[in-house]
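User: Got a minute to go through this model with me? I'd like to get my bearings before I start drawing figures.
Analyst: Sure, pull it up and ask away.

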Amino acid sequence: SEPPLAGSPPRFEGRRVVLEPLHPGKLSASVRELFLACSERVRRGADPDSAWAHSASAVAAGECLAWTISCGTGEPVGLAWLAPGRHLGGVGGPVAAALGIGWRNGHRPPTSCVTEVIHLLGGYAFDSCAVHALTVRLPETGKEPATSAAPILRGEWPALRASLQARLAG
C-alpha cells in the first residue's frame with residue numbers, strides 16, 4: 001500500500017466552488033448517499049455497499065483524500081478525491097497521483113465549476129503534496145464520455161495553472 005498524502009485535507013473556497021474535506025470517522029449517511037449518486041462503479045452495476053465500504057476504508061486509512069463539491073448553491077453536487085498512485089523511480093522517488101471528480105447522478109455542473117475544482121486540487125497536489133505527475137479523471141455524463149486519463153507533469157503545471165486562471169478570470 002502507498003503512503004498517504006501529506007496531512008489532513010484542507011478546505012478550499014474559490015469564487016465558484018467550495019470543497020469541504022471528508023474526515024475519516026465523520027462519513028455521514030448524507031456523504032454515503034452523495035458517494036452512491038456520484039459513483040461510476042455503482043452506475044455500471046457494482047454493489048453499492050461494497051463500493052462504499054472500499055472507498056470509506058481508503059479515506060479512513062489515509063490512502064485517499066476526499067472532498068464534497070458545492071457549486072454556488074451550497075448543496076454538494078459532487079465528490080473529488082486525490083489518491084496517491086505509485087512512486088516513480090522506486091521507493092523515495094516522486095509520487096504520481098490521481099485526481100477523480102464525480103457528479104451527482106452523472107450531471108456535470110457548469111464548466112467554470114469543473115475548471116475551478118481542477119485548479120484548486122491540482123495546485124494542492126503539486127504545491128502541497130509534491131506530486132510529480134497528476135492524472136485527472138472526469139466521469140462520463142449523460143452527454144459526454146469519460147475523459148481519457150493523461151497525466152499532467154510537474155513541469156507542465158505552471159502553464160496549465162495559468163491557462164485555468166485565465167479561464168476562471170474570463
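User: Let's start near the end of the chain. What span should helix H5 have at 1.5 Å a residue, and what separates its end C-alpha atoms?
Analyst: This is a predicted model, so everything here is read off a prediction. H5 covers residues 157–169, 13 residues in total, so it should span 18 Å, and its end C-alpha atoms are indeed 18 Å apart.

User: OK, and which residues of H5 are buried?
Analyst: Trp-157, Leu-164 and Leu-168. Looking down the axis of H5, the buried residues fall within an arc of 40°, so they line one face of the helix.

User: Which exposed residues sit on the face turned away from that buried side?
Analyst: Pro-158, Ala-159, Ala-166 and Ala-169 are the exposed ones there.

User: What covers the buried residues of H5?
Analyst: The cover includes helix H4, residues 111–128, and strand S7, residues 151–153.

User: Tell me about H4, then. How many of its residues are buried?
Analyst: 14 of the 18, so H4 is mostly covered. From its first C-alpha to its last, H4 reaches 25 Å, close to the 26 Å expected at 1.5 Å a residue.

User: Which residues does Thr-115 contact, leaving aside its neighbours within four places in sequence?
Analyst: Leu-164, Arg-167 and Leu-168. Thr-115 is in H4, and two of those partners, Leu-164 and Leu-168, are among the buried residues of H5. Thr-115 itself counts as buried because its relative accessibility is 7%, and the cut-off for buried is under 20%.

User: What comes after H4, and what is its phi?
Analyst: Ala-130 follows H4, and its phi is positive, near 55°. Most residues other than glycine have a negative phi. Ala-130 is a residue other than glycine with a positive value, so I'd put it on your list to look at.

User: Where is Ala-130 found? And is it buried or partly exposed?
Analyst: Ala-130 is in the loop between H4 and strand S6, which runs 131–137. At 48% relative accessibility, Ala-130 counts as partly exposed.

User: Switching topic: what's the volume of the largest pocket?
Analyst: About 580 Å³. It is lined by 26 residues, and the closest to its centre are Phe-35, Arg-41, Ser-55, Cys-64 and Trp-81.

User: Which elements supply at least two residues each to that lining?
Analyst: Helices H1 (29–38), H2 (40–43) and H3 (48–60), plus strands S4 (76–87) and S5 (95–103). H3 gives the most, with seven residues.

User: How does the lining split by class?
Analyst: There are 16 nonpolar, five polar and five charged residues in the lining.

User: Back to H1 for a second. What does Arg-32 contact, sequence neighbours within four places aside?
Analyst: Arg-32, which is in H1, is in contact with Pro-48, Asp-49 and Trp-52. Those three fall within the 48–60 range of H3. Arg-32 is partly exposed, with a relative accessible area of 26%.

User: And how far apart are the C-alpha atoms of Arg-32 and Ser-55?
Analyst: They're separated by 9.9 Å, and the two residues are 23 apart along the chain. Ser-55 is one of the residues closest to the centre of the largest pocket.

User: Where is Pro-24, and what does it touch, not counting residues up to four places away in sequence?
Analyst: Pro-24 is in the loop between strand S2, residues 17–21, and H1. Pro-24 touches Val-59 and Ala-60. The C-alpha atoms of Pro-24 and Ala-60 are separated by 4.6 Å, although the residues are 36 apart along the chain. Pro-24 is partly exposed, at 42% relative accessibility.

User: Last one, zooming out. How many helices and strands are there in the chain, and in what order do the elements run?
Analyst: Five helices and seven strands. From the N terminus on, the order is β-β-α-α-α-β-β-β-α-β-β-α. Of the 170 residues in the chain, 45% are buried. As for contacts between residues at least 6 apart in sequence, 58% join residues at least 24 apart.

Note on methods: Residues numbered from 1 in each chain as written. Predicted model: local features only at pLDDT ≥ 70, side-chain atom pairs only at ≥ 80, totals over all residues. Heavy atoms only, no water. 1 Å grid on protein atoms, 1.4 Å probe; cavity = no way out; pocket = protein on both sides within 12 Å on 5 of 7 lines; lining within 4 Å. Points joined across faces, edges and corners; volume = space filled by probe spheres on them. Helix = DSSP H or I, 4+ residues; strand = E, 2+ residues; numbered from the N terminus. Nonpolar A, V, L, I, M, F, W, Y, C, P; charged D, E, K, R; others polar. Expected span 1.5 Å × (residues − 1). Buried < 20%, exposed > 50% of the residue type's maximum accessible area, 1.4 Å probe, protein only. Arc of directions from axis to C-beta. Contact = heavy atoms within 4.5 Å.
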